[in-house]
Amino acid sequence: MFANRILSGMRPTGSLHLGHYHGVIKNWVELQSSHDCYFMVADWHALTTNYDNVSIIEKSIWDMVIDWLAAGVDPDKATVFLQSKVPQHAELHLALSMVTPLSWLERVPTYKDQIEKLSTKDLGTYGFLGYPLLQAADILVYKAGLVPVGEDQVPHIELTREVARRFNNLFGREANFDELAQAAAKKIGKQGKQFMQQRTAYLQDGNAEALQAAREILAASQNLGVADRERLAGWLENKGKTILPEPEAKLTAASRMPGLDGQKMSKSYGNTITMREAPEQVSKKVKAMPTDPARVRRTDAGNPEKCPVWQLHQVYSDHETREWVKQGCTSAGIGCLDCKQPVIEGVLREQQPMFERAEQYLTHPDRVKEIVFEGCRRAEQVAKETMTDVRAAMGLGF
């Protein structure tokens, strides 16, 4: 496992809005400076629900990448790539589908939920049923240690862990596995004997501290190749070779970005501001927002807690401005348009550097393609290494 490696992605199904920025991309920008990040345009995933309207996918791919770059994703720090251009995603998905019980996919909580929400679409396809397994392949093909998700996506990571565990149990036991593992332990040097002792303490007594100590010895060892390290990781817990490491969910804070009507910002609700919305459109949309229904006239006092605009003040206004809004609204000292102006200014302030960064890519679109193609090349190099191990473990030739 590459404990510091992160895999995350988004589906290209239309323009990105400020909810995407606050909920996902802003976090990516922070992570790219401290982690080995792989950010994926999930175009195969887009087909699971948009297979009947592929034109939006093709257009959205490049617009979405520009939005990422405009928001601060740095291709020199992170690998930005297109899922369908790395064929190992589809290959590993196929391999995993051979050993994953159908019932595991049917029990994923979001499966029935999405079927109900998208009842107007024909989703009786394997592609839709199997999309959590494709997500698992996306993660496992890079041996990513961490996957940034919200709480609602944790079941998908648990499925990925179960799939990896089943795969390792089925295919990780080489004919002479114990002998190879013991030989690998000797390569650790002076710490090898201690590693063996800690393993014994864990297996015989269930000593969790011994397990952690052995893992630390393994992590600190400089004398092991990838294959030996994977053997010892499995052998430590009396399992087979760890071909596909189990990732961990990296919980992200729920987005605080409300939409123009007070609900969560979402395209399906028609309440969004896109990341690169024209300033005049931002102003028009915010000015048209509903407010506290009790304020029928300018002279009526209002209650900020009942006003969608107040929610946007929580995102874009400082404490002093919020106090001004609260006092002015409850006393009818300011009108609703007065209240909305700081929000407009806050959104435009946030968007300004996005427009500036995006300009270089809009005027030189080939640069965007160069970034993605280079990212695909780097991603495929890593994915090929994983698939070499997978194919060998499954007896699929050379």
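**Note on a predicted three-domain model**

1. **Aromatic pairs.** Seven aromatic pairs occur in the structure. One of them joins Tyr-38 and Phe-81. Their ring centres are 6.5 Å apart, and their planes meet at 75 degrees, so the pair is edge-to-face, a label given to planes over 60 degrees apart. Bear in mind that this is a predicted model.

2. **What that pair connects.** Tyr-38 belongs to strand 2 (residues 36-41). Phe-81 belongs to strand 3 (residues 78-82). The pair therefore ties together parts that are 43 residues apart in sequence. Are the two residues buried or exposed? Tyr-38 has 6% relative accessibility, so it counts as buried. Phe-81 has 0%, so it counts as buried too. The cut-off for buried is under 20%.

3. **Other rings.** Trp-28, Phe-39 and Trp-68 make up one aromatic cluster. Two arginines also deserve a look. Arg-166 places its charged end over the ring of Trp-104, 6.0 Å from the ring centre. Arg-199 does so over the ring of Trp-235, at 3.7 Å from the centre.

4. **The sheet.** Now look at the strands. Five of them form an open sheet in the order 3-2-1-4-5, and the pairing is parallel. Which strands lie at the edges? They are strand 3 and strand 5 (248-251), each of which pairs on one side only. Neighbouring strands are turned against each other by 30 degrees on average, direction ignored. As a general point, strands of a sheet pair through backbone hydrogen bonds.

5. **Strand 1 and its partners.** Follow strand 1 (residues 2-10) next. Six bridges join strand 1 to strand 2, and the two run parallel. Within this pairing, Arg-5 stands opposite Asp-36 of strand 2. How many bridges join strand 1 to strand 4 (residues 144-149)? There are two, and these strands also run parallel. Here Phe-2 stands opposite Ala-144 of strand 4.

6. **Strand 2 is enclosed.** Strand 2 has six residues, and five of them are buried. That is why strand 2 is described as largely enclosed by the rest of the structure. Tyr-38, from point 2, lies in strand 2.

7. **Helix 9.** This helix covers residues 154-171, which makes 18 residues. At 1.5 Å a residue, helix 9 should span 26 Å. Its end C-alpha atoms are 26 Å apart, so the expected span and the model agree. Which residues of helix 9 are buried? Among them are His-156, Ile-157, Leu-159, Thr-160, Val-163, Ala-164 and Phe-167. Arg-161 and Asn-168 are on the buried list as well. In general, an α-helix has 3.6 residues a turn, so residues three or four places apart point the same way.

8. **Asp-292.** Where is Asp-292? It sits in the loop between helix 14 (279-287) and helix 15 (308-316). Its relative accessibility is 5%, so Asp-292 counts as buried. Asp-292 and Cys-329 are 37 residues apart in sequence. In space, their C-alpha atoms are 9.7 Å apart.

9. **The whole chain.** Step back to the full picture. The protein chain has 398 residues, and 47% of them count as buried. Its secondary structure consists of 18 helices and five strands. The C-alpha trace spans about 85 × 45 × 40 Å along its principal axes.

10. **Domains.** The chain is divided into three parts. Domain 1 takes in 5-171 + 245-255 + 365-394. Domain 2 is 174-237, and domain 3 is 276-362. The C-alpha centres of domain 2 and domain 3 lie 58 Å apart.

Key
Residues are numbered from 1 along each chain as its sequence is written. This is a predicted model: local features need pLDDT of at least 70, side-chain atom pairs count only at pLDDT 80 or more; totals for chains, interfaces and linings use all residues. Side-chain values use heavy atoms; hydrogens and water are left out. Helices (H or I, at least four residues) and strands (E, at least two) are DSSP runs, numbered from the N terminus. The expected span of a helix is 1.5 Å times one less than its number of residues. Buried means under 20% relative accessible area, exposed over 50%, partly exposed in between (1.4 Å probe, protein chains only). Rings of Phe, Tyr and Trp (its six-membered ring) pair if their centres lie within 6.5 Å; planes under 30 degrees apart count as stacked, over 60 as edge-to-face and the rest as tilted. A charge sits over a ring if NZ of Lys or CZ of Arg is within 6 Å of the ring centre and within 35 degrees of the ring normal. Domain bounds come from an automatic or database domain assignment. Two strands pair if DSSP finds at least two bridges between them. Axes are lines fitted to C-alpha atoms, for helices over the stretch in contact, and angles run from 0 to 180 degrees between N-to-C directions.
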